[in-house]
Amino acid sequence: MLTFSTTSLRVRENQLWILDQQALPQQQRWHPAQTVAQLVDHIRALRVRGAPLIGLSASLLLALLAENGQPRAQLERDLAVLRAARPTAVNLMNNLSRMAQALAQSDFVTAMGQEALRLVEEDRALCDAIARHGAALVKPGSRLLTHCNTGGLATAGTGTALGVIALAHRQGNIAQVWVDETRPLLQGGRLTAWELGELGVPYRLICDAMAADLMARGQVDAVWVGADRIAANGDVANKIGTYSLAVLARWHRVPFYVAAPHTTCDASCPSGDAIPIEQRDAAEVTGVTGSFGQCRWAPDGADVYNPAFDVTPAALIDGWVLDTGIVTPQQVGEGLFSRPLRSEGAV
Ligand code: MRU
């Protein structure tokens, strides 16, 4: 396969490398992902994370394994194992369905290599299209609030919500971005803060609990978040804490936008209730682990509830900004998400 790289994935000499998103920003460590077991471990540990990136890493690994001589029957088993690595983001399942079609072809080695690279190129184009549509909604002097990390680290391109923010910044329309730290794994405090710094976008980091106070003081002009799955009725699963922001935004009359590629839409999933929500390890809540070491504050044996995602009801969302364009609440009510969407951005 061709040598290429995105912000957080690399293919070199027929091997996949991933940038460790748990070590960022203090350390930039690249790990090999040579086997399915290794990649599943990276995905579960969130060294590879973000809905689009998870799907792309799994597709690239399968293509490389095929190129390195893995037999078809083993690739079929690998595909099933990867499909189960994280249950909420539908991009993984969508990408793997396309890889399964490639695997069914007689020259599956060529087909899988071409399909994996196509998925990467498509993702770049999808990000650009989302940014174009989304930036049109950003008014001059905007103070935007974002949650989790939806940038170049989480995609092959410029990102989804963060891609919108980056383009709006280049257009001169961003006064400041409020970055939610995003407990428990701090994707905002570690990754979004780092990415915005690299892009030269002015930001201020806040604890998640500070958003209500900021909105009450009139300091937030809009909230922009990503998505892991969009159900047929417009409900959105995204990083835990997104729902509370949507409730706050509605109370304070702040527009709330979701940015995602059309590949995040799941027409077969009737509503948010049907989206599987990943439950994660108690240690993420009882303390913190990172490149800086480990620290525990909760009492031994503390009982913990730790869902990785929550569901924001469609009624709280003012716009779904996709690569295909801006979807309004009225269009959602008319059933737009209950049909498969096609993108102009796809290559
Ligand atoms: O658990 P994570 O860090 O993978 O969660 C990521 C999110 O919730 C993102 O908002 C979503 O995947 C979109 S990334 C473009």
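Helices (H or I, at least four residues) and strands (E, at least two) are DSSP runs that are numbered from the N terminus. The model is predicted, with local features needing pLDDT of at least 70 and side-chain atom pairs counting only at pLDDT 80 or more, while totals for chains, interfaces and linings use all residues. Residues are numbered from 1 along each chain as its sequence is written, and side-chain values use heavy atoms, with hydrogens and water left out.

**Exercise 1. Find the backbone exceptions and place each of them in a loop.**

Step 1. Most residues other than glycine have a negative phi, and most peptide bonds are trans.

Step 2. L46, although not a glycine, has a positive phi of about 60°, and L46 is placed in the loop between α1 (36-44) and α2.

Step 3. The peptide bond from L24 to P25 is cis, with omega near -5°, and P25 belongs to the loop between β3 (15-19) and β4 (30-32).

Step 4. R183 and P184 are joined by a cis peptide bond with omega of about 5°, and P184 is found in the loop between β6 (174-180) and α7 (187-199).

**Exercise 2. Describe the residues that surround the ligand and the polar atoms that face its oxygen atoms.**

Step 1. Counting a residue as near when one of its heavy atoms lies within 4 Å, 18 residues surround the ligand, and the closest are R49, A51, Q187, N238 and K239.

Step 2. By class, this shell has seven nonpolar, seven polar and four charged residues, where Ala, Val, Leu, Ile, Met, Phe, Trp, Tyr, Cys and Pro count as nonpolar, Asp, Glu, Lys and Arg as charged, and the others, Gly among them, as polar.

Step 3. For polar contacts with the ligand, meaning pairs of N or O atoms within 3.5 Å, a polar side-chain atom of R49 lies 2.5 Å from an oxygen atom of the ligand. A side-chain N or O atom of R86 is 2.9 Å from a ligand oxygen atom, and for Q187 a side-chain N or O atom is 2.9 Å from an oxygen atom of the ligand.

Step 4. The elements that give two or more residues to the shell around the ligand are α2 (51-67) and β10 (236-239).

**Exercise 3. Explain why the ligand lies between two domains.**

Solution. With bounds from an automatic or database domain assignment, domain 1 (4-127) and domain 2 (137-338) both give residues to the shell around the ligand, so the ligand lies between them.

Note on methods:
Polar contact = N/O pair within 3.5 Å; in protein donor to acceptor, adjacent residues only side chain to side chain.
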